[in-house]
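Student: Please choose one part of this model and take me through it closely, together with what lies around it. I should like a single connected account rather than a list.

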Amino acid sequence: MSGAGAPKLAIDGTGLRVVVVAAQWHTEVMDGLLAGAVSTLQAAHAEHEVVRVPGSFELPVVAAEAARGGADAVVALGVVIRGGTPHFEYVCQAATAGLSEVAVRTGVPVGFGLLTTDDEAQALDRAGLPGSREDKGAEAAEAAVATALTL
Ligand code: DLZ
């Protein structure tokens, strides 16, 4: 993980089944997040599959289905970039509250890999791409596996 105060997590996901739910808006950033999450799960030896949804608003319903379907952990990935209307707030709020509710109600950890940024440059800087300072896809996968191992 990166950022001030971020922990170093040692994760071994052997025997865990993880579902990555990934939105499709902002392709370049999403490709980076997805690559970071998948390579982290591979390195942790966790069994995993990727399910694509249209936008971040759709992340919670599919995360819930994965949790009810026996996943040990879910990793939710999306990118919402502020525009000129209140739409940004509504999508961010719905996705964030929905994902949190899925985790608490089902007891299945949900790694939160939803970027909510003012512009595309901020998102690219967190996408785990060449030149990015941070990799929030990898961080979300690490957090989901590390939390599943505590349960
Ligand atoms: C409609 C919309 C807009 C304006 N912006 C984004 C975005 O930046 N990131 C994202 O993941 N999804 C966006 N969406 C789509 C909504 O999440 C949702 O897919 C649609 O409203 C259809 O339910």
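Tutor: A good place to begin is one pair of residues: the bridge partner of V21 in strand β3 is A76. The model is a predicted one, and the account below follows β3 outward from this pair.

The bridge between V21 and A76 belongs to a longer pairing, in which β1 and β3 run parallel and are joined over 5 bridges. Strand β3, which covers residues 73-81, also pairs with β4, again in the parallel sense, and here the pairing extends over 8 bridges. Two positions help to locate this second pairing on the screen: V75 stands opposite G111 of β4, and V79 stands opposite L115 of β4. In general terms, the strands of a sheet pair through backbone hydrogen bonds, and the pairing may be parallel or antiparallel.

These pairings are part of an open sheet of 4 strands, in the order β2-β1-β3-β4, with parallel pairing. The edges are formed by β2 (47-52) and β4 (110-117); each has a single partner strand, so one side of each has no neighbour in the sheet. From one strand to the next, the twist averages 15°. As for β3 itself, 8 of its 9 residues are buried, so the strand is largely enclosed by the rest of the structure.

Two helices lying across the sheet come next. Helix α3, residues 87-106, lies across β3 and β4 and runs at about 170° to β4. Helix α1 lies across β1 (17-22), β2, β3 and β4, and its direction makes about 160° with β3.

Helix α1 has a helical partner as well. Residues 27-43 form α1 and residues 136-148 form α5; the two pack at an angle of about 35°, with axes 6 Å apart. Their crossing is right-handed. On the α1 side the contact includes G32, A35, G36 and L41, and on the α5 side it includes G137, A138 and A141. By class, the residues of this contact are 8 nonpolar, 4 polar and 2 charged.

One residue of α1 deserves a separate look, namely L41. It counts as buried because 26 C-beta neighbours lie inside 10 Å, the threshold for that class being 20 or more. Leaving aside residues up to four places away in sequence, L41 touches G13, V18, A46, H48 and A141. V18 falls within β1 (17-22), H48 falls within β2 (47-52), and A141 is one of the α5 residues in the contact with α1. By contrast, L41 and H26 are 15 residues apart in sequence and 23 Å apart in space, C-alpha to C-alpha.

Finally, β3 leads to the ligand. The shell around the ligand takes its largest share, 4 residues, from β3. The ligand is surrounded by 14 residues, and the closest are A23, W25, G55, S56 and F57. The elements that give two or more residues to this shell are β3 and α3. By class the shell has 8 nonpolar, 5 polar and 1 charged residues. Strand β3 is thus a shared element of this description: it pairs with β1 and with β4, has α1 and α3 lying across it, and contributes to the ligand shell.

Conventions
Residues are numbered from 1 along each chain as its sequence is written. This is a predicted model: local features need pLDDT of at least 70, side-chain atom pairs count only at pLDDT 80 or more; totals for chains, interfaces and linings use all residues. Axes are lines fitted to C-alpha atoms, for helices over the stretch in contact, and angles run from 0 to 180 degrees between N-to-C directions. A crossing is left-handed if the near helix is turned anticlockwise from the far one by less than a right angle, and right-handed if clockwise. Two residues are in contact if their C-beta atoms, placed from the backbone, lie within 7 Å. Ala, Val, Leu, Ile, Met, Phe, Trp, Tyr, Cys and Pro count as nonpolar, Asp, Glu, Lys and Arg as charged, and the others, Gly among them, as polar. Two strands pair if DSSP finds at least two bridges between them. A residue is near a molecule or strand if its C-beta atom, placed from the backbone, lies within 6 Å of it. A residue is buried if 20 or more other C-beta atoms lie within 10 Å of its own, exposed if 12 or fewer, and partly exposed in between; C-beta atoms are placed from the backbone.
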